Amino acid sequence: MSATTRQPPKAGRPRSVASPAQRGTKARVAAGIGGRYVLLLVVLAVTVGPFAWQVSTSLKGLGENIFAFPPQLVPDEPTLRNYARVAEAIPLWRYLGNSTIVATAVTLTNCLFGAMAGYALARMRFRGRNALFAAMIATLIIPFEVIMISVFLVTRGLGLINTLAGAMLPLAISVLSIFIMRQAFLALPREVEEAARVDGAGEWQTFWRIGLPSVRGSLAVVAIFSFMFAWDDFLWPLIVLRDPQNFTLTVGLVFLENQFSADQRLVAAGTVISIIPVLALFVFLQRQFFRGVGQAAVKG
Amino acid sequence: MIGRRWYVPWLFLLPSLLVLGVFYWWPIANTGVLSMTDAHAIRGGSFTGLDNFVRLAGDPFFRNALKNSAVFTIGVVPLLVILPLLLAVLVNAKLPGMSFFRTVFFSPVVASMVVAALLWGWMLRSDGLFNWVLIRLQILNEPVGWLTDPALALISVMFVTVWKGLGYYMIIYLAGLQNVPEELHEAATVDGAGAFRRLWSITVPLLRPTMVLVATLAAISAIKVFTEVFVLTGGGPRRSSQTLVPYIYERGIVGLEMGYASAMSIVLFALVLVFTVLAGRLTRKRAQA
């Protein structure tokens, strides 16, 4: 995106002298600010509205009409009973556990395997390196949706259908993770590692003790995105997990919706529970999220 | 560089290569092969050349899915190029509360598409909140079956896709906006240019590379849309909102017609490739200019 960085010439206009035109401008600026906030509040309502409505529905008791006209955002007698009921209707805690296992495993493998591969590609010279890297980049544009039939066949061949390992393995490493880690290692000065090697540290020790700690920022980006991707993934777990006992949260929620569409309070409670972990993660790690979007977008 | 044994780099690469090989590169090759066979369920299938592709051309459900995917992409991409840009400009001011708005606008990105679809599925029922609000605002006279009317189902799905994507592309634009010098805006304001004039004459030309990027990302993710279709409408009513990937899923995963579904996957890949190449062209042209 180097094209955007060119600096246009500065306007050489004295700004200290207030002219009538500028006073008019001030009034316009004030009106502009007001208009800006009005627009922002409208977008805010459209963004938050559906979440708020879901929370409200989940808190309404069985005695309260959820189709009341006009709709009531604040429940008459708020109750947490739906949250207990949804766990009786479907194995919600199990789904939460399955999603946690899959997403955590995917996060760890993307960080570790991605860092190892990225380190080798950035720091070691070996025959076939450029060809290998080119192959990775060339296939980067092929999305999962294109190859899902064959991924399903491979997974079936390995006997991993209906297992969490099957849900996790195809996501265990992504080319994007390798790419981000390679860039991170390329940006590091070599001297520190070479000093360590002269001191007699082995390849692995140098990578583990010197390399990894220096790329913590990029590791965080890979970790957040792998976790979020695995946690939110729907199509692959839908394909690979057949037995309702083994569902992850996203597949489980859709299962809940299909089974209990007549009882929206339950669906709402399940949905709210499923948002909380990622939302908490986001609130704590906002800056990495925003940084990560920039990185992923430029490379994806 | 200190000498090392030849296999050391490969040991570092081994876990990644294993996973990529088994679950990425092999399936890529296999998709190409399968697309030219009549592989079905457990049977391996035999070579049939381009038969599957000929069959595709005459499959009304495939043509319907292709048409819906085209409508979906053409409808969603301009909205996802323009609306997030306006949003980014709105929150890019040095005014109180802007980082709050930015954070809240990003929150649908963090929620999964399944959650977004469930939230809106509840809102968009004919007896849902959305109809009530529109009637209240006197935009509608009577409730509309957003998800049950064949003429509206696909549009409703598109609406949810845009809602979910706004925050993501807004952040990309915000990164781009940091490169637009403030002095230009100040000078233009002093010269009497209004907000829209400044947006059109200063921001848009400087952000064009970012807009191409956003258009590409949005187009690629639109052509492979699955989750929101599957959850909101299941592709219905009467296949009116069924796009490509849900149809591939129906034939390949549910119907186990691996060969036929792989041929569809190849078509999907060709479309992704077109968008990628197009984006490359657009970017390169600009760089030369």
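In this predicted model, A:Arg182 is in contact with A:Gly118, A:Leu121, A:Ala122 and A:Phe133, leaving aside its neighbours within four places in sequence. A:Arg182 is found in helix α7 of chain A, which covers residues 175–186. Its relative accessibility is 17%, and a residue counts as buried under 20%, so A:Arg182 is buried.

**Contacts between the chains**

Another buried residue of chain A has partners in chain B. A:Pro143 is found in the loop between α4 (129–139) and α5 of chain A, and its relative accessibility is 7%. Apart from neighbours within four places in sequence, A:Pro143 is in contact with B:Lys224 and B:Val272.

How many residues of chain B are in contact with chain A? The number is 100 residues of chain B, set against 102 residues of chain A. The size of an interface is often given as the accessible area lost when the parts come together. For chain B and chain A, the buried area is about 9400 Å², and carbon and sulfur atoms give 77% of this area. On the chain B side, B:Phe12, B:Phe23 and B:Trp122 lose the most area to chain A, together 10% of what that side buries. The count of salt bridges between the two chains is 0.

**A nonpolar patch on chain B**

B:Trp6, B:Tyr7, B:Leu11, B:Leu14 and B:Leu18 make a nonpolar surface patch of about 580 Å². One of these residues, B:Trp6, lies in the segment before α1 (8–34) of chain B. Is B:Trp6 buried or exposed? The relative accessible area of B:Trp6 is 65%, and the cut-off for exposed is over 50%, so B:Trp6 counts as exposed.

**Backbone features in loops**

In chain B, the peptide bond from B:Gly236 to B:Pro237 is cis, with omega near -10°. B:Pro237 is placed in the loop between α10 (227–232) and α11 (244–254) of chain B. B:Arg239 also has its place in the loop between α10 and α11. Phi of B:Arg239 is near 60°, a positive value in a residue other than glycine. With a relative accessible area of 23%, B:Arg239 is partly exposed.

Chain A has a residue with positive phi as well. For A:Asn162, which is not a glycine, phi is near 70°. A:Asn162 is found in the loop between α5 (144–157) and α6 (164–168) of chain A, and at 24% relative accessibility it counts as partly exposed.

**Annotated spans of chain A**

An unreviewed UniProt entry lists residues 96–285 of chain A for "domain: ABC transmembrane type-1". For "transmembrane region", UniProt (unreviewed entry) lists residues 33–53, 101–121, 133–154, 160–181, 219–239 and 266–285 of chain A. The table gives values for the domain span and for some of the transmembrane spans.

| Span of chain A | Helix | Strand | Distance between end C-alpha atoms |
|---|---|---|---|
| Residues 96–285 | 76% | 0% | 21 Å |
| Residues 133–154 | 82% | 0% | 24 Å |
| Residues 266–285 | 95% | 0% | 30 Å |

How values were computed: Residues are numbered from 1 along each chain as its sequence is written. Chains are lettered from A and ligands numbered from 1 in the order in which they are written. This is a predicted model: local features need pLDDT of at least 70, side-chain atom pairs count only at pLDDT 80 or more; totals for chains, interfaces and linings use all residues. Side-chain values use heavy atoms; hydrogens and water are left out. UniProt positions are given in the numbering used here, feature names are shortened, and annotations may be inferred rather than shown by experiment. Helices (H or I, at least four residues) and strands (E, at least two) are DSSP runs, numbered from the N terminus. Patches are made of residues with over 30% relative accessible area and no salt bridge: like charges are joined within 9 Å, nonpolar side chains (Val, Leu, Ile, Met, Phe, Trp, Tyr) within 5 Å. Accessible areas come from the Shrake-Rupley method with a 1.4 Å probe; for residues, only the protein chains shown count as cover. A salt bridge is a side-chain nitrogen of Lys or Arg within 4 Å of a carboxyl oxygen of Asp or Glu. Buried means under 20% relative accessible area, exposed over 50%, partly exposed in between (1.4 Å probe, protein chains only). Contact means heavy atoms within 4.5 Å. Buried area is the accessible area (1.4 Å probe) that two parts lose on being put together, summed over both.
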